[in-house]
Amino acid sequence: MREGCHVIVLPFPGQGHLTPMSQFCKRLVSKGLKPTLVVVSDKPSPPYKTERDSITVVPIPNGFQEGEDPLQDLDDYMDRVETSIKNRLPELIQDMKLSGNPPRVLVYDSTMPWLLDIAHGHGLRGAAFFTQPWLVSVIYYHVLKGSFSVPSTKYGHSTLASFPSFPVLNANDLPSFLCESSSYPNILRIVVDQLSNMDRVDIVLCNTFDKLEEKLLKWVQSLWPVMNIGPTVPSMYLDKQLQEDKNYGFSLFNAKVTECVEWLNSKQPNSVVYVSFGSLVVLKEDQMMELASGLKQTGRFFLWVVRETETDKLPKNLVEEISEKGLIVSWSPQLEVLAHESIGCFLTHCGWNSTLEGLSLGVPMIGMPHWTDQPTNAKFVEDVWKVGVRVKTEADGLVRREEIVRCVAEVMEGEKGKEIRRNAEKWKVLAREAVCEGGTSDKSVDKFVSMFC
Ligand code: UDX
(Lines give C-alpha, C1' and ligand atoms only; values in the text may rest on other atoms or scores of the structure.)
Protein backbone atom coordinates (compact mmCIF):
# COMPACT_ATOMS: atom_id res chain seq x y z
CA MET A 1 0.00 0.00 0.00
CA ARG A 2 2.74 2.46 1.01
CA GLU A 3 4.83 1.45 -1.97
CA GLY A 4 2.12 2.92 -4.18
CA CYS A 5 1.60 6.04 -2.10
CA HIS A 6 3.14 8.91 -3.96
CA VAL A 7 3.78 12.30 -2.35
CA ILE A 8 5.10 15.43 -4.09
CA VAL A 9 7.18 17.82 -1.96
CA LEU A 10 7.71 21.34 -3.30
CA PRO A 11 9.93 23.76 -1.33
CA PHE A 12 10.51 27.44 -2.01
CA PRO A 13 13.90 27.66 -3.77
CA GLY A 14 16.02 28.89 -0.84
CA GLN A 15 18.42 26.83 1.26
CA GLY A 16 16.43 27.48 4.46
CA HIS A 17 13.43 25.79 2.80
CA LEU A 18 15.20 23.10 0.74
CA THR A 19 16.99 21.78 3.83
CA PRO A 20 13.95 20.92 5.98
CA MET A 21 11.70 19.82 3.13
CA SER A 22 14.32 17.51 1.58
CA GLN A 23 14.94 16.07 5.04
CA PHE A 24 11.19 15.53 5.38
CA CYS A 25 11.39 13.49 2.14
CA LYS A 26 13.98 11.31 3.86
CA ARG A 27 11.59 10.75 6.78
CA LEU A 28 8.93 9.65 4.28
CA VAL A 29 11.44 7.22 2.74
CA SER A 30 12.08 5.76 6.21
CA LYS A 31 8.34 5.02 6.34
CA GLY A 32 8.45 3.14 3.02
CA LEU A 33 7.38 5.94 0.66
CA LYS A 34 9.06 7.07 -2.55
CA PRO A 35 8.40 10.81 -2.73
CA THR A 36 9.11 13.21 -5.57
CA LEU A 37 11.00 16.38 -4.62
CA VAL A 38 10.33 19.21 -7.10
CA VAL A 39 13.15 21.74 -7.00
CA VAL A 40 12.94 25.13 -8.68
CA SER A 41 16.45 25.58 -9.96
CA ASP A 42 18.60 27.92 -12.01
CA LYS A 43 20.32 24.83 -13.43
CA PRO A 44 17.60 22.77 -15.07
CA SER A 45 18.49 19.11 -15.54
CA PRO A 46 16.58 15.87 -16.21
CA PRO A 47 14.96 14.16 -13.19
CA TYR A 48 17.28 11.96 -11.15
CA LYS A 49 17.09 9.59 -8.17
CA THR A 50 18.71 9.95 -4.76
CA GLU A 51 18.59 8.41 -1.29
CA ARG A 52 19.08 4.81 -2.35
CA ASP A 53 16.85 5.50 -5.37
CA SER A 54 13.86 6.33 -3.20
CA ILE A 55 13.54 10.08 -3.84
CA THR A 56 13.01 11.32 -7.39
CA VAL A 57 14.28 14.87 -7.78
CA VAL A 58 12.61 16.86 -10.56
CA PRO A 59 14.38 20.18 -11.24
CA ILE A 60 12.25 22.80 -12.96
CA PRO A 61 13.61 26.13 -14.24
CA ASN A 62 13.21 29.30 -12.17
CA GLY A 63 12.52 31.35 -15.28
CA PHE A 64 15.82 33.26 -15.30
CA GLN A 65 18.38 33.27 -18.11
CA GLU A 66 22.04 32.58 -17.42
CA GLY A 67 23.74 35.75 -16.18
CA GLU A 68 20.55 37.30 -14.75
CA ASP A 69 20.64 37.84 -10.98
CA PRO A 70 17.43 36.36 -9.50
CA LEU A 71 17.87 38.21 -6.20
CA GLN A 72 17.83 41.71 -7.72
CA ASP A 73 14.10 42.10 -7.29
CA LEU A 74 12.19 39.78 -4.95
CA ASP A 75 8.80 40.55 -6.50
CA ASP A 76 10.05 39.65 -9.94
CA TYR A 77 11.66 36.50 -8.53
CA MET A 78 8.44 35.37 -6.84
CA ASP A 79 6.47 36.09 -10.03
CA ARG A 80 8.82 34.08 -12.21
CA VAL A 81 8.93 31.17 -9.76
CA GLU A 82 5.12 31.16 -9.62
CA THR A 83 4.80 31.28 -13.41
CA SER A 84 7.32 28.50 -13.84
CA ILE A 85 5.61 26.22 -11.31
CA LYS A 86 2.16 26.96 -12.74
CA ASN A 87 3.46 26.03 -16.22
CA ARG A 88 5.22 22.83 -15.18
CA LEU A 89 3.43 21.30 -12.20
CA PRO A 90 0.07 20.39 -13.83
CA GLU A 91 1.92 18.69 -16.68
CA LEU A 92 4.10 16.83 -14.19
CA ILE A 93 1.09 15.61 -12.18
CA GLN A 94 -0.58 14.50 -15.41
CA ASP A 95 2.52 12.53 -16.46
CA MET A 96 2.64 10.85 -13.06
CA LYS A 97 -1.00 9.82 -13.39
CA LEU A 98 -0.45 8.45 -16.91
CA SER A 99 2.61 6.48 -15.80
CA GLY A 100 0.53 4.69 -13.14
CA ASN A 101 2.10 6.53 -10.19
CA PRO A 102 -0.52 9.16 -9.33
CA PRO A 103 0.42 11.52 -6.49
CA ARG A 104 -2.00 11.76 -3.58
CA VAL A 105 -0.66 14.75 -1.69
CA LEU A 106 1.23 17.92 -2.53
CA VAL A 107 3.37 19.03 0.41
CA TYR A 108 3.99 22.65 -0.51
CA ASP A 109 5.99 25.45 1.06
CA SER A 110 3.69 27.72 3.05
CA THR A 111 5.26 30.78 1.38
CA MET A 112 3.52 29.68 -1.86
CA PRO A 113 -0.11 29.28 -0.64
CA TRP A 114 -1.49 29.38 -4.21
CA LEU A 115 -0.18 25.82 -4.61
CA LEU A 116 -3.14 24.59 -2.56
CA ASP A 117 -5.50 25.43 -5.44
CA ILE A 118 -3.29 23.58 -7.92
CA ALA A 119 -3.31 20.52 -5.62
CA HIS A 120 -7.09 20.55 -5.16
CA GLY A 121 -7.68 21.32 -8.85
CA HIS A 122 -5.87 18.11 -9.75
CA GLY A 123 -7.51 15.92 -7.13
CA LEU A 124 -4.60 15.97 -4.65
CA ARG A 125 -4.70 16.83 -0.97
CA GLY A 126 -2.71 19.87 0.06
CA ALA A 127 -0.28 19.93 3.01
CA ALA A 128 1.26 23.30 3.89
CA PHE A 129 4.82 23.01 5.26
CA PHE A 130 5.99 25.80 7.60
CA THR A 131 9.74 26.33 7.95
CA GLN A 132 9.41 28.74 10.89
CA PRO A 133 8.24 28.24 14.50
CA TRP A 134 4.59 28.47 15.45
CA LEU A 135 5.10 31.66 17.38
CA VAL A 136 6.17 33.44 14.20
CA SER A 137 3.26 32.04 12.19
CA VAL A 138 0.83 33.07 14.93
CA ILE A 139 2.18 36.63 14.90
CA TYR A 140 1.67 36.76 11.10
CA TYR A 141 -1.83 35.34 11.57
CA HIS A 142 -2.73 38.16 13.95
CA VAL A 143 -1.36 40.68 11.48
CA LEU A 144 -3.50 39.10 8.75
CA LYS A 145 -6.61 39.27 10.95
CA GLY A 146 -5.87 42.88 11.94
CA SER A 147 -5.62 41.92 15.61
CA PHE A 148 -1.96 42.88 15.98
CA SER A 149 -0.87 46.46 15.59
CA VAL A 150 2.51 46.76 14.02
CA PRO A 151 4.90 49.16 15.73
CA SER A 152 6.40 51.84 13.54
CA THR A 153 9.95 51.58 14.81
CA LYS A 154 12.21 48.63 15.43
CA TYR A 155 14.05 50.18 18.33
CA GLY A 156 11.07 50.96 20.52
CA HIS A 157 11.19 49.37 23.95
CA SER A 158 7.51 49.25 24.70
CA THR A 159 5.90 46.01 25.73
CA LEU A 160 4.03 44.81 22.72
CA ALA A 161 2.69 41.31 22.82
CA SER A 162 2.50 38.19 24.88
CA PHE A 163 1.74 34.62 23.87
CA PRO A 164 1.17 31.47 25.95
CA SER A 165 4.29 30.34 27.83
CA PHE A 166 6.42 32.95 26.12
CA PRO A 167 8.11 36.03 27.58
CA VAL A 168 6.64 39.34 26.55
CA LEU A 169 7.92 40.54 23.21
CA ASN A 170 9.08 44.01 22.46
CA ALA A 171 9.56 45.45 18.98
CA ASN A 172 13.11 44.20 18.80
CA ASP A 173 11.95 40.58 19.18
CA LEU A 174 9.35 40.64 16.41
CA PRO A 175 9.88 39.24 12.91
CA SER A 176 11.71 42.07 11.18
CA PHE A 177 9.35 42.84 8.32
CA LEU A 178 6.63 43.88 10.72
CA CYS A 179 8.65 46.83 11.95
CA GLU A 180 10.44 47.51 8.70
CA SER A 181 7.31 47.14 6.59
CA SER A 182 7.91 50.41 4.80
CA SER A 183 11.21 49.02 3.49
CA TYR A 184 9.85 45.57 2.66
CA PRO A 185 6.07 45.85 1.99
CA ASN A 186 6.09 42.97 -0.49
CA ILE A 187 7.92 40.58 1.79
CA LEU A 188 5.50 41.43 4.59
CA ARG A 189 2.62 40.58 2.25
CA ILE A 190 4.25 37.23 1.34
CA VAL A 191 4.90 36.13 4.92
CA VAL A 192 1.43 37.17 6.11
CA ASP A 193 -0.25 35.50 3.11
CA GLN A 194 1.13 32.16 4.28
CA LEU A 195 -1.81 32.06 6.67
CA SER A 196 -4.43 33.22 4.16
CA ASN A 197 -6.00 29.87 3.21
CA MET A 198 -5.54 27.87 6.39
CA ASP A 199 -9.29 27.16 6.56
CA ARG A 200 -9.03 25.07 3.37
CA VAL A 201 -5.71 23.28 3.84
CA ASP A 202 -5.89 19.52 4.46
CA ILE A 203 -2.97 19.32 6.86
CA VAL A 204 -0.35 21.69 8.25
CA LEU A 205 3.19 20.44 8.86
CA CYS A 206 5.69 22.41 10.88
CA ASN A 207 9.42 21.96 11.39
CA THR A 208 9.26 22.15 15.17
CA PHE A 209 8.48 19.62 17.91
CA ASP A 210 5.71 19.51 20.47
CA LYS A 211 7.81 20.26 23.56
CA LEU A 212 9.32 23.39 22.01
CA GLU A 213 6.09 25.36 21.87
CA GLU A 214 3.78 23.26 24.02
CA LYS A 215 1.13 25.79 25.00
CA LEU A 216 1.04 27.61 21.71
CA LEU A 217 0.65 24.25 20.00
CA LYS A 218 -2.65 23.67 21.81
CA TRP A 219 -3.90 27.00 20.52
CA VAL A 220 -2.92 26.37 16.89
CA GLN A 221 -4.33 22.85 17.06
CA SER A 222 -7.68 24.34 18.06
CA LEU A 223 -7.63 26.29 14.78
CA TRP A 224 -5.91 24.09 12.20
CA PRO A 225 -5.06 20.42 11.50
CA VAL A 226 -1.49 20.74 12.72
CA MET A 227 1.35 18.20 12.94
CA ASN A 228 4.86 18.93 14.17
CA ILE A 229 7.40 16.81 12.34
CA GLY A 230 10.71 18.40 13.39
CA PRO A 231 13.47 18.91 13.99
CA THR A 232 14.30 17.73 10.47
CA VAL A 233 17.89 17.07 11.51
CA PRO A 234 18.89 13.63 10.15
CA SER A 235 18.41 11.15 12.96
CA MET A 236 21.96 9.80 12.69
CA TYR A 237 23.19 13.08 14.17
CA LEU A 238 20.79 12.75 17.07
CA ASP A 239 21.51 9.13 17.86
CA LYS A 240 24.86 7.65 16.92
CA GLN A 241 23.30 4.14 17.05
CA LEU A 242 21.20 4.92 14.01
CA GLN A 243 22.57 4.00 10.64
CA GLU A 244 21.54 6.40 7.95
CA ASP A 245 23.08 7.81 4.82
CA LYS A 246 25.56 10.56 5.65
CA ASN A 247 23.65 12.93 3.46
CA TYR A 248 23.09 16.59 4.20
CA GLY A 249 19.97 16.83 2.12
CA PHE A 250 19.62 19.02 -0.92
CA SER A 251 22.22 21.79 -0.97
CA LEU A 252 22.74 24.78 -3.25
CA PHE A 253 26.35 25.12 -2.04
CA ASN A 254 29.43 22.87 -2.01
CA ALA A 255 30.57 22.18 1.53
CA LYS A 256 34.29 21.91 2.37
CA VAL A 257 33.73 18.69 4.26
CA THR A 258 37.23 17.22 4.60
CA GLU A 259 38.89 20.59 5.24
CA CYS A 260 36.48 21.42 8.08
CA VAL A 261 36.47 18.00 9.70
CA GLU A 262 40.25 17.56 9.62
CA TRP A 263 40.74 21.02 11.08
CA LEU A 264 38.18 20.36 13.85
CA ASN A 265 39.79 16.98 14.59
CA SER A 266 42.98 18.79 15.59
CA LYS A 267 41.20 20.90 18.25
CA GLN A 268 40.36 20.27 21.91
CA PRO A 269 36.74 19.49 22.99
CA ASN A 270 34.49 22.53 23.39
CA SER A 271 37.19 24.93 22.23
CA VAL A 272 36.05 26.26 18.85
CA VAL A 273 33.64 29.12 18.05
CA TYR A 274 31.61 28.21 14.94
CA VAL A 275 30.34 31.25 13.02
CA SER A 276 27.74 31.03 10.26
CA PHE A 277 24.94 33.27 9.04
CA GLY A 278 23.16 30.85 6.72
CA SER A 279 22.55 31.25 3.01
CA LEU A 280 21.22 34.79 2.69
CA VAL A 281 22.46 37.24 5.31
CA VAL A 282 24.66 39.98 3.90
CA LEU A 283 26.99 41.79 6.31
CA LYS A 284 28.29 45.32 5.88
CA GLU A 285 32.03 45.75 5.49
CA ASP A 286 32.38 47.46 8.87
CA GLN A 287 30.44 44.62 10.50
CA MET A 288 32.89 42.14 8.99
CA MET A 289 35.72 44.17 10.52
CA GLU A 290 34.06 44.18 13.96
CA LEU A 291 33.42 40.46 13.75
CA ALA A 292 36.95 39.57 12.64
CA SER A 293 38.42 41.81 15.35
CA GLY A 294 36.10 40.36 17.99
CA LEU A 295 37.03 36.80 17.04
CA LYS A 296 40.69 37.74 17.24
CA GLN A 297 40.22 39.29 20.68
CA THR A 298 38.59 36.16 22.09
CA GLY A 299 41.92 34.39 21.55
CA ARG A 300 39.95 31.25 20.67
CA PHE A 301 39.94 29.01 17.63
CA PHE A 302 37.10 29.71 15.22
CA LEU A 303 35.56 28.22 12.09
CA TRP A 304 33.86 30.99 10.09
CA VAL A 305 31.62 30.48 7.06
CA VAL A 306 31.93 33.40 4.65
CA ARG A 307 30.02 32.73 1.45
CA GLU A 308 31.83 33.42 -1.83
CA THR A 309 29.70 36.50 -2.46
CA GLU A 310 30.82 37.94 0.90
CA THR A 311 34.58 37.29 0.79
CA ASP A 312 35.49 40.66 -0.80
CA LYS A 313 34.37 42.38 2.40
CA LEU A 314 36.80 40.50 4.64
CA PRO A 315 39.51 42.79 6.08
CA LYS A 316 42.51 41.24 4.30
CA ASN A 317 45.31 42.25 6.69
CA LEU A 318 43.37 41.09 9.70
CA VAL A 319 42.48 37.79 8.03
CA GLU A 320 46.17 37.06 7.60
CA GLU A 321 46.81 37.92 11.24
CA ILE A 322 44.10 35.58 12.49
CA SER A 323 44.76 32.72 10.10
CA GLU A 324 46.61 30.75 12.79
CA LYS A 325 43.53 30.70 14.95
CA GLY A 326 40.79 30.52 12.38
CA LEU A 327 39.60 28.59 9.38
CA ILE A 328 37.42 30.53 6.94
CA VAL A 329 35.41 28.46 4.43
CA SER A 330 32.78 29.36 1.85
CA TRP A 331 30.33 26.67 3.08
CA SER A 332 30.56 24.05 5.81
CA PRO A 333 28.92 20.68 6.42
CA GLN A 334 27.02 22.41 9.23
CA LEU A 335 25.52 19.34 10.90
CA GLU A 336 28.84 17.55 10.88
CA VAL A 337 30.42 20.66 12.39
CA LEU A 338 27.81 21.18 15.11
CA ALA A 339 28.01 17.50 16.04
CA HIS A 340 31.80 17.71 16.43
CA GLU A 341 33.07 17.58 20.01
CA SER A 342 35.49 20.47 19.45
CA ILE A 343 32.67 23.00 18.97
CA GLY A 344 32.21 25.20 22.04
CA CYS A 345 29.57 27.58 20.74
CA PHE A 346 27.68 28.64 17.64
CA LEU A 347 27.53 32.32 16.63
CA THR A 348 24.45 32.23 14.42
CA HIS A 349 22.02 34.53 12.59
CA CYS A 350 19.24 32.36 14.10
CA GLY A 351 17.70 31.17 10.87
CA TRP A 352 15.18 28.60 12.04
CA ASN A 353 17.13 25.65 10.64
CA SER A 354 20.40 26.73 12.20
CA THR A 355 18.62 27.40 15.49
CA LEU A 356 17.02 23.96 15.52
CA GLU A 357 20.28 22.32 14.50
CA GLY A 358 22.22 24.04 17.29
CA LEU A 359 19.50 23.13 19.79
CA SER A 360 19.23 19.51 18.65
CA LEU A 361 22.97 18.99 18.85
CA GLY A 362 23.27 20.62 22.28
CA VAL A 363 25.50 23.52 21.20
CA PRO A 364 25.37 26.80 23.19
CA MET A 365 24.41 29.66 20.88
CA ILE A 366 25.06 33.36 20.41
CA GLY A 367 22.21 34.89 18.43
CA MET A 368 23.07 37.68 16.01
CA PRO A 369 19.77 37.98 14.13
CA HIS A 370 19.33 40.03 10.98
CA TRP A 371 15.84 39.81 9.54
CA THR A 372 12.66 37.73 9.00
CA ASP A 373 11.93 35.35 11.87
CA GLN A 374 15.50 35.55 13.22
CA PRO A 375 14.92 38.11 16.03
CA THR A 376 12.06 35.98 17.39
CA ASN A 377 14.16 32.82 17.10
CA ALA A 378 16.91 34.57 19.06
CA LYS A 379 14.37 35.31 21.79
CA PHE A 380 13.69 31.56 22.04
CA VAL A 381 17.43 30.89 22.39
CA GLU A 382 18.05 33.46 25.11
CA ASP A 383 14.85 33.67 27.14
CA VAL A 384 12.81 30.53 26.55
CA TRP A 385 15.17 27.59 26.19
CA LYS A 386 18.04 29.52 27.82
CA VAL A 387 20.64 27.86 25.63
CA GLY A 388 22.53 31.01 24.72
CA VAL A 389 22.57 34.80 24.59
CA ARG A 390 21.72 37.46 22.05
CA VAL A 391 24.19 40.15 21.02
CA LYS A 392 23.34 43.78 21.66
CA THR A 393 23.20 45.86 18.51
CA GLU A 394 24.20 49.54 18.66
CA ALA A 395 21.94 52.28 17.35
CA ASP A 396 24.03 52.42 14.15
CA GLY A 397 23.09 48.78 13.48
CA LEU A 398 26.54 47.37 14.26
CA VAL A 399 27.55 44.71 16.75
CA ARG A 400 30.88 45.85 18.18
CA ARG A 401 33.94 43.63 18.69
CA GLU A 402 33.73 44.00 22.50
CA GLU A 403 30.20 42.63 22.40
CA ILE A 404 31.35 39.55 20.47
CA VAL A 405 34.07 38.97 23.08
CA ARG A 406 31.57 39.43 25.94
CA CYS A 407 29.06 36.98 24.45
CA VAL A 408 31.65 34.30 23.66
CA ALA A 409 32.90 34.50 27.26
CA GLU A 410 29.37 34.37 28.62
CA VAL A 411 28.38 31.15 26.83
CA MET A 412 31.75 29.39 27.10
CA GLU A 413 32.95 30.35 30.58
CA GLY A 414 31.84 30.70 34.19
CA GLU A 415 28.63 29.69 35.96
CA LYS A 416 26.36 31.08 33.26
CA GLY A 417 28.28 29.13 30.62
CA LYS A 418 27.81 25.93 32.62
CA GLU A 419 24.10 26.55 33.04
CA ILE A 420 23.70 27.21 29.32
CA ARG A 421 25.49 23.97 28.50
CA ARG A 422 23.24 22.03 30.94
CA ASN A 423 20.14 23.50 29.29
CA ALA A 424 21.55 22.74 25.84
CA GLU A 425 22.07 19.10 26.86
CA LYS A 426 18.47 18.92 28.11
CA TRP A 427 17.04 20.21 24.82
CA LYS A 428 19.27 17.90 22.83
CA VAL A 429 17.70 14.93 24.60
CA LEU A 430 14.17 16.25 24.02
CA ALA A 431 14.83 16.87 20.31
CA ARG A 432 16.19 13.36 19.93
CA GLU A 433 13.18 11.88 21.73
CA ALA A 434 10.80 13.72 19.41
CA VAL A 435 12.19 12.27 16.17
CA CYS A 436 13.30 8.81 17.29
CA GLU A 437 10.91 5.88 16.97
CA GLY A 438 7.71 6.48 18.93
CA GLY A 439 8.50 10.16 19.60
CA THR A 440 5.93 12.89 18.99
CA SER A 441 7.33 13.96 15.61
CA ASP A 442 7.88 10.38 14.49
CA LYS A 443 4.24 9.61 15.32
CA SER A 444 3.15 12.69 13.33
CA VAL A 445 4.95 11.37 10.26
CA ASP A 446 3.24 7.98 10.80
CA LYS A 447 -0.10 9.75 11.08
CA PHE A 448 0.57 11.76 7.93
CA VAL A 449 1.32 8.52 6.06
CA SER A 450 -1.71 6.68 7.39
CA MET A 451 -4.01 9.61 6.56
CA PHE A 452 -3.01 9.73 2.93
CA CYS A 453 -1.83 6.21 2.04
C1 UDX B 1 16.10 31.33 5.74
C2 UDX B 1 15.82 32.36 6.81
O3 UDX B 1 16.87 33.28 6.96
C4 UDX B 1 15.42 31.75 8.10
O5 UDX B 1 15.27 32.73 9.10
C6 UDX B 1 14.15 30.98 7.89
O7 UDX B 1 13.71 30.45 9.12
C8 UDX B 1 14.41 29.90 6.87
O9 UDX B 1 14.96 30.43 5.67
P10 UDX B 1 18.79 30.83 5.99
O11 UDX B 1 19.01 32.27 6.26
O12 UDX B 1 19.59 30.25 4.92
O13 UDX B 1 17.25 30.49 5.79
O14 UDX B 1 19.16 30.10 7.39
P15 UDX B 1 18.76 28.71 8.02
O16 UDX B 1 17.30 28.59 8.25
O17 UDX B 1 19.60 28.56 9.21
O18 UDX B 1 19.16 27.64 6.91
C19 UDX B 1 20.46 27.47 6.46
C20 UDX B 1 20.74 25.98 6.23
O21 UDX B 1 21.98 25.90 5.53
C22 UDX B 1 20.87 25.18 7.52
O23 UDX B 1 20.21 23.95 7.38
C24 UDX B 1 22.36 24.95 7.66
O25 UDX B 1 22.73 23.71 8.23
C26 UDX B 1 22.84 25.00 6.22
N27 UDX B 1 24.22 25.50 6.16
C28 UDX B 1 24.52 26.79 6.46
C29 UDX B 1 25.22 24.61 5.81
O30 UDX B 1 24.96 23.43 5.56
N31 UDX B 1 26.49 25.08 5.73
C32 UDX B 1 26.83 26.36 5.99
O33 UDX B 1 28.00 26.71 5.88
C34 UDX B 1 25.80 27.26 6.37
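How far is an oxygen atom of the ligand from an N or O atom in the side chain of Asp 373? In this predicted model, the two atoms are 2.4 Å apart. Two further side chains hold an N or O atom at a short listed distance from a ligand oxygen: for Gln 374 the gap is 2.7 Å, and for His 349 it comes to 2.9 Å. With a cut-off of 3.5 Å for a polar contact between N or O atoms, each of these distances falls inside the limit: 2.4 Å for Asp 373, 2.7 Å for Gln 374 and 2.9 Å for His 349. Taken on its own, the ligand has 660 Å² of accessible area, and the protein covers 93% of it.

Which parts of the fold supply the shell around the ligand? Helix H1 (15-30), strand E11 (272-276) and helix H13 (352-360) are the elements that give two or more residues to it. On the level of domains, at least three residues come from domain 1 (6-131 + 197-234 + 438-452), and at least three from domain 2 (239-432). There are 22 residues around the ligand, and the ones that come nearest are Ser 279, Ser 332, Ser 354, Glu 357 and Asp 373. Sorted by class, the shell holds 16 polar residues, along with 4 nonpolar and 2 charged ones.

Now for the sheet. Eight strands line up in an open sheet, in the order E3-E4-E2-E1-E5-E6-E9-E10, and their pairing is mixed. At its edges stand strand E3 (48-50) and strand E10 (226-228); each has a single partner strand, so one side of each has no neighbour in the sheet. Going from one strand to the next, the twist averages 25°. Strand E1 (residues 6-10) and strand E5 (residues 103-109) give an example of parallel pairing, with 5 bridges between them. Within this part of the sheet, Leu 10 sits opposite Tyr 108 of E5.

Two spots in the backbone deserve a look. As a rule, most peptide bonds are trans, and most residues other than glycine have a negative phi. The bond that joins Gly 230 and Pro 231, however, is cis, with an omega of about -5°. Pro 231 belongs to the loop between E10 and helix H8 (235-238). The other spot is Asn 270, which is not a glycine and yet has a positive phi, at about 55°. Asn 270 is also a loop residue, placed between helix H9 (257-265) and E11.

Definitions and conventions. Residues are numbered from 1 along each chain as its sequence is written. This is a predicted model: local features need pLDDT of at least 70, side-chain atom pairs count only at pLDDT 80 or more; totals for chains, interfaces and linings use all residues. Side-chain values use heavy atoms; hydrogens and water are left out. A residue is near a molecule or strand if one of its heavy atoms lies within 4 Å of it. A polar contact is a pair of N or O atoms within 3.5 Å; within protein, one must be able to donate a hydrogen and the other to accept it, and residues adjacent in sequence count only if both atoms are side-chain atoms. Accessible areas come from the Shrake-Rupley method with a 1.4 Å probe; for residues, only the protein chains shown count as cover. Helices (H or I, at least four residues) and strands (E, at least two) are DSSP runs, numbered from the N terminus. Ala, Val, Leu, Ile, Met, Phe, Trp, Tyr, Cys and Pro count as nonpolar, Asp, Glu, Lys and Arg as charged, and the others, Gly among them, as polar. Domain bounds come from an automatic or database domain assignment. Two strands pair if DSSP finds at least two bridges between them. Axes are lines fitted to C-alpha atoms, for helices over the stretch in contact, and angles run from 0 to 180 degrees between N-to-C directions.
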